[in-house]
Amino acid sequence: MGEEAWALCLTFLEQLISLNTVNPPGNEHLAAQYIAKALSGFGIACEVQPVAPGRENVIATAPGEGQPVILTGHLDVVPEGEGWSVPPFALTKREDRLYGRGACDMKGGVAAMMAAAVCAHREGHARPFQLAFVADEEIYGEGTRAAIRSGKLMQDGYVIIGEPTDGGIHIAHRGVVRFRVTLRGRACHAGAPQLGVNALSGLAQLIRAVDAVNEDLQSVLHPVLPSATMCCTLAHAGTKDNIVPGVCEAVIDCRPVPGDTPQRLEALVRRKIDSLGGMDQSMEMTFEPYVDVRAGSMAEDARIVTWAKRQYERCFGKAARVESFPACCDLSQFTQAGFETILYGPGSLKQAHTADEFVEAVQMEQALAFYKACLTAR
């Protein structure tokens, strides 16, 4: 990459990090408006797309010939938290690292995509392309849903999501399903527990069953992804130390593989409870799935995977690592809508969501080169 392209990339990154798009509340309109103005200044047509009050996507489009390419990423970041040695909302350059909230996840990827698009557009790119930068990926994924629903995306486009993949091409991710489980027994005086139905006893049985299901899941192997997991992460019960609690609420976190559904996961837990002896018949148990992000995957021989590996080798003179992504992301939303999709972006997930979040400059340079190669490949 030339010095001008790298300088442009750093400028974009500096401006993006300076915009506080912590979700909640998001305020992604700050980044969307900046990106639209910046790219429009280079002659790339942009449309800002409302998602919710103060929350916007931006879609940039350039014509061309051949297979369309859609570079996409999210504009929101997680809260900065404590423990920073540098300002979280200012780009800090220290040796070969670039620091700031979102530098890794994933304003670094967005900045590299923007710079690659400007360079490709200036030089006369060979392919039609879009940049689709979305709101609300970190919580509910409403930005990507809105972008897909709008019908504005190039329907046959190859999609590249700029999540931090540490230099690899990632083709699959586990999903996230979270249940609120309510156990309703019967409260009574703690001096006469036989008169009630202790919701905490039900919780103990639930946790035992969830742990047993999780152990069973480890024997079910996926070609690319780790096995699915399930565990209890939160619980609350009781109003006073001398009352047997009649109600307990718990959260079960599941990381499903493709094919798993909330209905199947709930059924696994209920069957396991029955096989372990069952629950008091007076105990009522309800499951509410309040997060449901499906797992997603592409076949290793899918067209986009073969194509992306070819661009990678053309860029770097070596074969790409093809792996699974260890966190959840928007890939499944795109694949469910019919888009062939991969992940490639600068940074390592180890730095995401941490204090002193950073991305290595060399990975930013590599991402810039890879994205440009994808936009200009004939």
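Strand 9 (residues 176–184) is joined to strand 14 (284–293) by nine bridges, and the two run antiparallel. Strands here are DSSP runs of E of at least two residues, and helices are runs of H or I of at least four, numbered from the N terminus; two strands pair if DSSP finds at least two bridges between them. The model is predicted, with local features needing pLDDT of at least 70 and side-chain atom pairs counting only at pLDDT 80 or more, while totals for chains, interfaces and linings use all residues. Residues are numbered from 1 along each chain as its sequence is written, and side-chain values use heavy atoms, with hydrogens and water left out.

One pair that can be located between strands 9 and 14 is Arg184, whose bridge partner in strand 14 is Glu284. Strand 9 is also joined to strand 13 (residues 247–255), by eight antiparallel bridges. There, Leu183 has Cys248 of strand 13 as its bridge partner. Strand 13 is in turn joined to strand 11 (residues 229–237) by eight bridges, again antiparallel, and Cys231 has Asp253 of strand 13 as its bridge partner.

Put together, these pairings give an open sheet of four strands in the order 11-13-9-14, with antiparallel pairing. Strands 11 and 14 are at the edges with a single partner strand each, so one side of each has no neighbour in the sheet. From one strand to the next, the twist averages 20°. Angles run from 0 to 180 degrees between N-to-C directions, on axes fitted to C-alpha atoms, for helices over the stretch in contact.

Two helices pack on this sheet, where contact means heavy atoms within 4.5 Å. Helix 5 (residues 199–217) touches strands 9, 11, 13 and 14, and its direction makes about 170° with that of strand 11. Helix 6 (residues 262–275) also touches strands 9, 11, 13 and 14, its direction making about 150° with that of strand 14.

The remaining topic is enclosed space. A cavity is a set of points on a 1 Å grid over the protein atoms alone where a 1.4 Å probe fits but cannot get out, and lining residues have an atom within 4 Å of a point. Volume is the space filled by probe spheres set on the points, which are joined across faces, edges and corners. The count is one cavity of 30 Å³ or more, and the largest cavity holds about 50 Å³. Its lining includes Thr72, Gly73, His74, Glu163 and Phe334. Strand 3 (residues 69–74) supplies the largest share of that lining, three residues.

Note on methods. 1 Å grid on protein atoms, 1.4 Å probe; cavity = no way out; pocket = protein on both sides within 12 Å on 5 of 7 lines; lining within 4 Å.
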